[in-house]
Amino acid sequence: MALDDQRFKDHCLIVVGAGGKADEVLCQRRLQAGGRLAHFLMRCPEDPRVTFSITDDGLQHDFFTWQPPKGTMGISSFAAKLQAKPRTFWTKNGPDGIELGETHCLTVRYGTTGTPRHVTVTDEKGNILVEMSGQVVVDPDMYTAETLQVDVHNTELNAFGSFSWRFVTLAVIFQLLWQIGKISLSINFEMAATSGRVPWFRNLLAALNWCLTGNIICIEMTAFALTGTR
């Protein structure tokens, strides 16, 4: 079954550009919308390594491919500005973004509606290095960068979060400070306790421990730490 235009747009925005201001504006808008993004950095708008193709298969029925850049291909200087990180076995933080090598060839293929939907990167031997489908934009100008529809209609196709050390570190520091304070108070109350009096402070400290740290750490911060926000 062929996919419609919106589903391709939802799945990934693929930008092929020289890394100018328009590229940055368009990519930032896509990231703020929570969608997947891939950027392929070329030398100039007329880069001979970038070609266009309309295949018979692409005209008869649409197809979908998904072979993003491997971690060994690194990231481009442009992608680094977007806080992209190299792909690992478990996670991929930030958008995909590579610089075309001297022997690479990038082919933009058109879909059934006549719009560019597929990108293939091959080496000098014709081996496929990258093959991705989505909404393809080549060398966007500022008008396109500011007006192109980048929102994701199907929320299930939003980029999802990954492990975040930021919240783990915050949780550890907060817990350490609280536990030191709680133990100090507990020692002070226990030493001042007298026989026959209700040790009310024990329940109070237990309640404060859950309200101040248990709920936040166990539910909110743990969830952020495991699933991230990007």
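Let me start with strand β4, which pairs with strand β8, residues 128-133, in the antiparallel sense over two bridges. Within that pairing, Trp66 has Met132 as its bridge partner in β8. Please keep in mind throughout that this is a predicted model.

Stepping back to the sheet that holds these two strands, we find five strands forming an open sheet with mixed pairing, and their order is β3-β6-β7-β8-β4. The edges are taken by β3 and by β4, residues 66-67, and each has a single partner strand, so one side of each is left without a neighbour in the sheet.

I would now like to turn to the aromatic rings, of which a search of the whole structure finds three pairs. One of them is formed by Phe52 and Tyr110, whose ring centres are 6.4 Å apart and whose planes meet at 40°, so this pair is tilted. Since you have the sequence in front of you, you may ask which parts of the chain Phe52 and Tyr110 tie together. Phe52 belongs to strand β3, residues 50-53, while Tyr110 belongs to strand β6, residues 105-110, so the pair ties together parts that lie 58 residues apart in sequence. As for their surroundings, Phe52 is partly exposed, with a relative accessible area of 48%, and Tyr110 is also partly exposed, with a value of 21%; the cut-off for buried is under 20%, so Tyr110 at 21% is not counted as buried.

A further aromatic pair brings us back to Trp66, which is stacked with Phe64 at 6.4 Å centre to centre, with 10° between the planes. Phe64 counts as partly exposed at 35% relative accessibility, and Trp66 counts as partly exposed at 36%. Ring pairs also link these two residues with Phe8, so that Phe8, Phe64 and Trp66 make up a cluster. Trp66 therefore appears twice in this account, as a member of that ring cluster and as the bridge partner of Met132.

Finally, let me move to a pocket, the second largest, which has a volume of about 170 Å³. Which elements give two or more residues to the lining of this pocket? They are α6, residues 165-192, and α7, residues 200-227. Among the lining residues are Phe189, Glu190 and Ala192, together with Pro199, Trp200, Phe201 and Arg202. Taken by character, the lining of this second largest pocket divides into seven nonpolar residues, one polar residue and three charged residues.

Key. Residues numbered from 1 in each chain as written. Predicted model: local features only at pLDDT ≥ 70, side-chain atom pairs only at ≥ 80, totals over all residues. Heavy atoms only, no water. 1 Å grid on protein atoms, 1.4 Å probe; cavity = no way out; pocket = protein on both sides within 12 Å on 5 of 7 lines; lining within 4 Å. Points joined across faces, edges and corners; volume = space filled by probe spheres on them. Helix = DSSP H or I, 4+ residues; strand = E, 2+ residues; numbered from the N terminus. Nonpolar A, V, L, I, M, F, W, Y, C, P; charged D, E, K, R; others polar. Phe/Tyr/Trp six-rings, centres within 6.5 Å; stacked < 30°, edge-to-face > 60°. Buried < 20%, exposed > 50% of the residue type's maximum accessible area, 1.4 Å probe, protein only. Pairing = 2+ DSSP bridges.
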